[in-house]
Amino acid sequence: MAFYYRSDSYPIVRRKPTALLAKTPLNRLAYQKQLSMEESKLYSLTDKEQGIIEKICKSYGFIESCEREVRLFFHFSQYRGDPETLSVGDPVEFEEVVDRKAKKPIAVRVNDIEGKDVAFDLIGDTKVTGRVDSAPRKTSAMKEQPKDLLSKLNPTRWGPDEGRITCEYKGECFFLAFGIGSLVEKSVDLMPGDKVSFVVSTHKRTGIVRAVSVELESRKVEEKIEGIVVSLKDSFGFIERADKVSEIFFHRSECGGEEFDSLKVGDGIEFVVQDRHGKTVATQIRKLPRGSVQIEDVSQRVYCGEIQDIESSVKSEKDAKNHPYGTLCIPEDDASYRFFKRDLASLCTLLRGDAVSFRIATDKRNGQERATEVALRDFVDKETRETGFVFSVKDGFGFISCSTRNTNIFSFLRSR
């Protein structure tokens, strides 16, 4: 495809009727040289800028500047090369002038950039130190290298997979984003709290400040925390932390397959807290001797009290774990204590007004008290309580089969 450049297609050359057509490459080069001489006389050219070809039409195109938010028109006669080789996304160098006819800025003297190297950012000279606030995800390495240069013109301030570094400067705290591509050593796995050094990069168009050339200086001193296993599943579990009232998730890969299989609810363990994908998890788990971790003090004294209330809405195992099973009181002291289903000393059903014995457990983390080892006092009414299951239900009554003896007991439903 051949391009023809007419004198009336660009306002600069209207004074030169001799340069009507440029059909061959030799004529085109001579034509462009002639234009350069005329431009220097007619226009005050600006400094050279870098940009990206944003759009190409039949005989003209548009350039997005890499240094400022501007989109400039350019005619193919201003391109110092073969226009047939131009494509969207190519990096170019150009100068800006004001079109005398349209009174708008346009790009002239458009040249290819050798090596396709375009500077989108201003890189500082001084190394700065800071702490990793959150680590970038591995998937962000793909997003650090866009498919085309146009996507680098308007970067986002915070990418979904990017990490964040915090640093102090003149008494103020700053947060800078960085990705896997900003690391000097891509294989290094940074953790929150790690000390790093980096260089500040400022995007020319948007002014967004980021951290680049990030290097690990020193690892965070990991604090060992103790806790008690409160729940176990096939490949994970939950730990009751001894340092604060909170449960934390852990995976079996953090304690080894064999050691995970030996864990039981109530075992004491030691672990390190880490932030992974925005969630706090327990890592580097080590099993401790059973009973070595105590998160509460249990009184040696056995108290006597009376059931004040039983929570009827506690039905599931999850409800029993998170909600009190009931409340008991010490009549002479006018003191009341909550207790959970796990605090029952036996499986007997407690009713309001039952006389019970118990101990007081005080949480070391927040000082809250509750009743534990709650047991029914048999000598009060000398009744025998048994367990069983309902095997027949009629209108208003049913039959219960005892689990300890071969007997079926009649019962009204209101007595359940």
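# Structural briefing: strands, salt bridges and aromatic contacts

Strand β22 and strand β23 (residues 397-402) run antiparallel and are joined by 5 bridges. The model in which they occur is predicted. Its secondary structure comprises 4 helices and 24 strands. Of the 416 residues in the protein, 37% are buried. Among contacts with a separation of 6 or more, 56% are between residues 24 or more positions apart.

**The sheet β22-β23-β24**

- An open sheet is formed by 3 strands, in the order β22-β23-β24, with antiparallel pairing.
- The edges are occupied by β22 (388-393) and β24 (408-412); each has a single partner strand, so one side of each is left without a neighbour in the sheet.
- From one strand to the next, the twist averages 35 degrees.
- Strands of a sheet pair through backbone hydrogen bonds, in either a parallel or an antiparallel manner.
- Within the β22 and β23 pairing, Gly388 has Cys402 of β23 as its bridge partner.

**Ser401 and its surroundings**

- Ser401 belongs to strand β23.
- Is Ser401 buried or exposed? Its relative accessible area is 14%, which is under the 20% limit, and Ser401 is therefore classed as buried.
- Leaving aside residues up to four places away in sequence, Ser401 touches Gly388, Phe389, Phe391, Thr407 and Asn408.
- One of these contacts, Gly388, is also the residue whose bridge partner in β23 is Cys402.

**The β18-β19 hairpin**

- Strand β18 (residues 326-330) pairs with β19 in the antiparallel sense, over 5 bridges.
- Ile330 has Ala335 in β19 as its bridge partner.
- The two strands, β18 and β19, form a hairpin with 4 residues between them.
- In the turn, Asp334 has a positive phi of about 55 degrees.

**Salt bridges**

- The structure contains 20 salt bridges.
- Glu240 and Arg365 form one of them, with their closest N and O atoms 2.7 Å apart.
- This pair connects distant parts of the chain: Glu240 is in strand β12 (residues 236-241), while Arg365 is in the loop between β20 (355-363) and β21 (369-376), 125 residues apart.
- Glu240 has a relative accessible area of 13% and is therefore buried.
- Asp343 and Arg370 also meet through their side chains in a salt bridge, at 3.0 Å from N to O.
- Asp343 lies in the loop between β19 (335-339) and β20, and Arg370 lies in strand β21, so this pair ties together parts that are 27 residues apart in sequence.
- How accessible is Asp343? Asp343 is buried, at a relative accessible area of 2%.
- Arg370 likewise counts as buried, at 14% relative accessibility.
- A further salt bridge joins the side chains of Arg252 and Asp261, again with an N to O distance of 3.0 Å.
- In this pair, Arg252 is partly exposed, with a relative accessible area of 23%.
- Its partner Asp261 counts as exposed, at 55% relative accessibility, because the cut-off for exposed residues is over 50%.
- Three residues, Glu49, Arg68 and Glu96, are linked in a network of salt bridges.

**Aromatic pairs and clusters**

- The structure holds 12 aromatic pairs.
- The rings of Phe397 and Phe399 have centres 6.4 Å apart and planes at 85 degrees, so this pair is edge-to-face.
- Phe397 is partly exposed, with a relative accessible area of 27%.
- Phe399 counts as partly exposed too, at 28% relative accessibility.
- One aromatic cluster is made up of Tyr60, Phe62 and Phe73.

**Charges over rings**

- Arg71 lies over the face of Phe62, at 4.1 Å from the ring centre.
- The ring of Phe62 is also a member of the aromatic cluster with Tyr60 and Phe73.
- Arg342 places its charged end over the ring of Phe340, 4.6 Å from the centre of that ring.

Technical notes: Residues are numbered from 1 along each chain as its sequence is written. This is a predicted model: local features need pLDDT of at least 70, side-chain atom pairs count only at pLDDT 80 or more; totals for chains, interfaces and linings use all residues. Side-chain values use heavy atoms; hydrogens and water are left out. A salt bridge is a side-chain nitrogen of Lys or Arg within 4 Å of a carboxyl oxygen of Asp or Glu. Buried means under 20% relative accessible area, exposed over 50%, partly exposed in between (1.4 Å probe, protein chains only). Rings of Phe, Tyr and Trp (its six-membered ring) pair if their centres lie within 6.5 Å; planes under 30 degrees apart count as stacked, over 60 as edge-to-face and the rest as tilted. A charge sits over a ring if NZ of Lys or CZ of Arg is within 6 Å of the ring centre and within 35 degrees of the ring normal. Two strands pair if DSSP finds at least two bridges between them. Axes are lines fitted to C-alpha atoms, for helices over the stretch in contact, and angles run from 0 to 180 degrees between N-to-C directions. Contact means heavy atoms within 4.5 Å.
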